[in-house]
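Colleague: I am new to this structure and would like to go through it with you. May I ask some short questions as we look at it?

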Amino acid sequence: MKSLKKMLVCLDVRHTASRRVIGGIMRFVATHPAWEAQLAEAHPSDLALTDFLGGSVDALIIDESYRIIPAEDFAALCPRIAVFVNTPPVHCGCRIVATARSDERAIALAAKELFLRKKLANFAFVAPPKPAAWSEARKRFFRAALKEKSFKLHVFTPADGASLQARTAEFARWLDALPKPCGVWAACDELAKRVLDVCRRRKIPVPDQIQILGVDNEPYICEHTSPSLSSIEPGFEAGGWEVARFVDAAANEKPARATHRAKIAFGVSCVVERLSTMDLNGSARHVAEACEFIRRNAAADIDIPAVAAAVRISRRLLERNFRTVTGRTVLDFILDERFRRAKKMLKETVSPVESVCRFCGFRSPSHAMTIFRKRYGLTMTEYRLR
């Protein structure tokens with residue numbers, strides 16, 4: 001029996017982005033039986049690469065958390081292929097080396113397009129306290145995109161050597177002084193929350209005076225703030241698939257005489273707009289809050305009265321406002337959200353179709369399967385295999 005080809009995946013699962021990349025890799029491996037993926041189970045500081053797979057792998061996929069690795073560990077593994085995710089490559093003796101990282105230009109353009117749709121004329125960018133190449137690239141592309149439209153970008157740059165307390169006070173004064181209304185793009189969701197926290201303390205209305213956008217779409221941050229945070233979701237899962245596909249193609253190439261280098265880019269999956277960028281009043285705000293409640297609770301046993309109660313209006317008024325603002329019914333939106341989750345599970349798991357239906361909030365799996373086929377022209381099983 002022919003032995004499996006092996007890839008060792010050393011990505012820090014403490015970060016949502018890494019888990020999504022791993023999900024894409026695992027989805028590829030699940031449909032390519034010639035491969036086996038081994039996941040690093042140890043904390044980066046406790047990892048010894050030679051503990052894995054008998055000391056030999058065909059490919060190594062690694063990020064910055066695991067980057068400081070002795071050269072002898074690379075030599076012991078003897079990987080012909082190495083992919084460095086969101087980190088510059090190190091000299092490792094591998095014949096085929098690739099880097100995989102977010103497409104910072106595409107992310108910046110997504111931020112620009114969202115804010116321009118809001119008819120804003122003032123824009124700001126918030127970078128992390130310590131300079132980082134990815135953040136600087138996002139700022140540079142954002143500024144260039146706005147300059148094409150003759151807009152200026154305001155950037156917060158903390159004073160060198162300032163204490164945390166001094167930086168926080170300086171940041172608050174900077175937010176106060178921004179021309180308003182203003183679209184503030186934070187380099188990541190953690191920074192977007194920081195902007196929101198300071199706005200709340202300074203009593204700056206969000207989104208009326210400042211609209212806030214983050215990056216990474218971390219649910220534990222974005223969905224549990226008030227107001228909830230809009231965020232750009234890079235295509236990490238699709239990127240993980242591309243990484244694994246690159247490894248598979250490279251493994252089938254004839255050995256190269258010299259080191260071959262390649263670049264893989266993670267594009268933008270979507271922009272998830274929440275209340276921090278929705279400048280709404282009256283009925284539109286009630287509808288936005290209803291959509292937010294449905295997104296968070298679609299997998300639970302919710303119905304239209306539960307949604308109406310959550311946004312504190314009558315069912316009749318909710319249904320009328322929902323149709324006026326979105327052109328759809330509340331029930332349609334609930335079904336769309338449940339089917340969105342179901343399609344994701346069908347592609348990413350091997351759970352039985354009935355289990356997927358129940359997990360996504362459908363009381364009757366058979367009824368859900370019937371509606372799915374009418375909507376998408378495929379059975380759930382056919383969609384999974386497509």
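Colleague: How much space lies in the second largest pocket?
Modeller: The model is a predicted one, and in it the second largest pocket holds about 810 Å³ of space.

Colleague: Which residues lie nearest the centre of that pocket?
Modeller: They are H15, E64, N86, W134 and D216, out of 30 residues that line the second largest pocket.

Colleague: And which element gives the most to that lining?
Modeller: Helix α1 does, with five residues. Elements that each supply at least two residues to the lining of the second largest pocket are α1, β5 (96-102), α4 (133-147) and α6 (189-201).

Colleague: How does the lining of the second largest pocket divide by class?
Modeller: There are 13 nonpolar, seven polar and 10 charged residues in that lining.

Colleague: Now the largest pocket. How much space is in there?
Modeller: The largest pocket contains about 1,200 Å³ of space. Its lining is made up of 35 residues, and R20, N217, E233, R340 and K344 are the closest to the centre.

Colleague: Which elements give two or more residues to the lining of the largest pocket?
Modeller: Those elements are α1 (16-30), β10 (230-234), α8, β12 (268-272), α9 (282-297) and α12. The largest share, nine residues, comes from α12.

Colleague: What about the classes in the lining of the largest pocket?
Modeller: In the lining of the largest pocket, 18 residues are charged, 11 are nonpolar and six are polar.

Colleague: You named K344 a moment ago. Which residue forms a salt bridge with K344?
Modeller: The partner is E237, and the closest N and O atoms of the pair are 3.3 Å apart. E237 lies in helix α8 (residues 236-251) and K344 in helix α12 (residues 330-348), so this salt bridge ties together parts that are 107 residues apart in sequence.

Colleague: Is E237 buried or exposed?
Modeller: E237 is buried, at a relative accessible area of 17%. K344, by its relative accessible area of 42%, is partly exposed.

Colleague: Which residues are linked with E237 and K344 in a network of salt bridges?
Modeller: R27 and E348 are linked with them in that network.

Colleague: R340 was on the list for the largest pocket too. What does R340 form a salt bridge with?
Modeller: R340 forms a salt bridge with E337, where the closest N and O atoms are 2.6 Å apart. The two residues are three apart in helix α12, a separation of about one helical turn. R340 is partly exposed, at 44% relative accessibility, whereas E337 is buried, with a relative accessible area of 8%.

Colleague: And which residue forms a salt bridge with D336?
Modeller: That residue is R328, with the closest N and O atoms 2.0 Å apart. D336 is partly exposed, with a relative accessible area of 27%, and R328 is partly exposed as well, at 28%.

Colleague: How many salt bridges does the structure hold?
Modeller: The structure holds 22 salt bridges.

Colleague: A change of topic, then. How many disulfides are there?
Modeller: The count comes to zero. For C199, the nearest cysteine sulfur is that of C182, 9.6 Å away. C199 is buried, at 1% relative accessibility.

Colleague: Why is C360 without a bond to C357?
Modeller: The sulfur of C360 is 7.4 Å from the one in C357, its closest cysteine sulfur, and that is too far for a bond. A disulfide needs the two sulfur atoms within 2.5 Å. C360 is also buried, with a relative accessible area of 2%.

Note on methods:
Residues are numbered from 1 along each chain as its sequence is written. This is a predicted model: local features need pLDDT of at least 70, side-chain atom pairs count only at pLDDT 80 or more; totals for chains, interfaces and linings use all residues. Side-chain values use heavy atoms; hydrogens and water are left out. A salt bridge is a side-chain nitrogen of Lys or Arg within 4 Å of a carboxyl oxygen of Asp or Glu. Helices (H or I, at least four residues) and strands (E, at least two) are DSSP runs, numbered from the N terminus. Buried means under 20% relative accessible area, exposed over 50%, partly exposed in between (1.4 Å probe, protein chains only). On a 1 Å grid over the protein atoms alone, a cavity is a set of points where a 1.4 Å probe fits but cannot get out, and a pocket is an open set with protein on both sides within 12 Å along at least five of seven lines; lining residues have an atom within 4 Å of a point. Grid points are joined across faces, edges and corners, and a volume is the space filled by probe spheres set on the points. Ala, Val, Leu, Ile, Met, Phe, Trp, Tyr, Cys and Pro count as nonpolar, Asp, Glu, Lys and Arg as charged, and the others, Gly among them, as polar.
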